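Work through the exercises below with the model open. Try each task before reading its solution.

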Amino acid sequence: MIKLENIEKYYANKGLKNYILRHVTTTINAGEFVSIMGPSGAGKSTLLNIIGMLEEPTYGLYEFMGENITQLNERKRIELYRNHIGFVFQAYHLIDEMTVAENIEAPLLYKKVGSAERKSRVADMLDRFNIVGKKDLFPNQLSGGQQQLVGIARAVVAQPAIILADEPTGNLQSAQALQIMELFQTLNKTENMTIIQVTHSEANAAYGSRILNLQDGLIIK
Ligand SMILES: Nc1ncnc2c1ncn2[C@@H]1O[C@H](COP(=O)(O)OP(=O)(O)OP(=O)(O)O)[C@@H](O)[C@H]1O
């Protein structure tokens, strides 16, 4: 599903190249649940953002579902992103002015899903994530764990092939973190959803099937 070959990322600073990622080569198959780990500044978020098409590598080949991403134009990349990728952020990134139901519905509007189908899918998500009672509340009326459930519901509602999560439990208490990890595991096991998460937590990584260890921009294991 994902093929990275010799991915490099650097920022030029006063004529010097400041490397963030070096020679990153790996393949991630459909149905895997991969955790990217490593010290702060190792390049984990940068790698996840490249996989999620939010950033471009400086060099290297990136193939996503058979498409050569590095050669696609912006419009095609956005289309691929909308159709296949669900992103979950540490700080939730919900839209404050929208209710829980409206936040979850938003990706379906971008995908031009019809009104009846939207309502039914949003109702299904609310039900599945046990947040029916919260549907008319705004994000600031929810706990962090509840906001992240909404964040995940929003990522999942468009039925993506892959979920990318950057420290999804970084702002949560351990009981809430456990709930989120169990949810990821269920999505992975029962719906064969591919998941890639960045985490500092060994306990979170244990929910996955493989660990990619990054150090100074290199995969070390
Ligand atoms: N726009 C930029 N310009 C210059 N350097 C950058 C830029 N964006 C990121 N970096 C640098 O890239 C390095 C890797 O950042 P990244 O966020 O990928 O690390 P990380 O492993 O996710 O770290 P953390 O665990 O602390 O979130 C950092 O040293 C950061 O300062």
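The exercises on this predicted model cover the ligand shell, an annotated domain and a set of paired strands.

**Exercise 1.** Determine which residues surround the ligand, and which helix gives the most to the shell.

*Solution.* Start with the residues whose C-beta atom, placed from the backbone, lies within 6 Å of the ligand. These are Y11, I20, G38, S40, G41, A42, G43, K44, S45 and T46. Next, look for the main helix. Helix α1, residues 44-51, gives the most, with three residues. Finally, sort by character. The shell holds three nonpolar, six polar and one charged residue.

**Exercise 2.** Find the span that UniProt lists as "domain: ABC transporter", and describe its ends and secondary structure.

*Solution.* Take the range from the record. The unreviewed UniProt entry lists residues 2-220 under that name. Then turn to the model. The end C-alpha atoms of this span lie 19 Å apart. Helix makes up 36% of the span, and strand 27%.

**Exercise 3.** Work out how strand β9 pairs with β3 and with β10: parallel or antiparallel?

*Solution.* Begin with β3, residues 33-37, and β9, residues 210-215. Four bridges join these strands, which run parallel. In this pairing, M37 stands opposite N213 of β9. Now move to β10, residues 218-219. Two bridges link β9 to β10, and these strands run antiparallel. One bridge pairs L214 with I219 of β10. Last, inspect the connection. β9 and β10 form a hairpin with two residues between them. In the turn, D216 has a positive phi of about 50 degrees.

Note on methods: Residues numbered from 1 in each chain as written. Predicted model: local features only at pLDDT ≥ 70, side-chain atom pairs only at ≥ 80, totals over all residues. Nonpolar A, V, L, I, M, F, W, Y, C, P; charged D, E, K, R; others polar. UniProt positions renumbered as here; feature names shortened; annotations may be inferred. Pairing = 2+ DSSP bridges.
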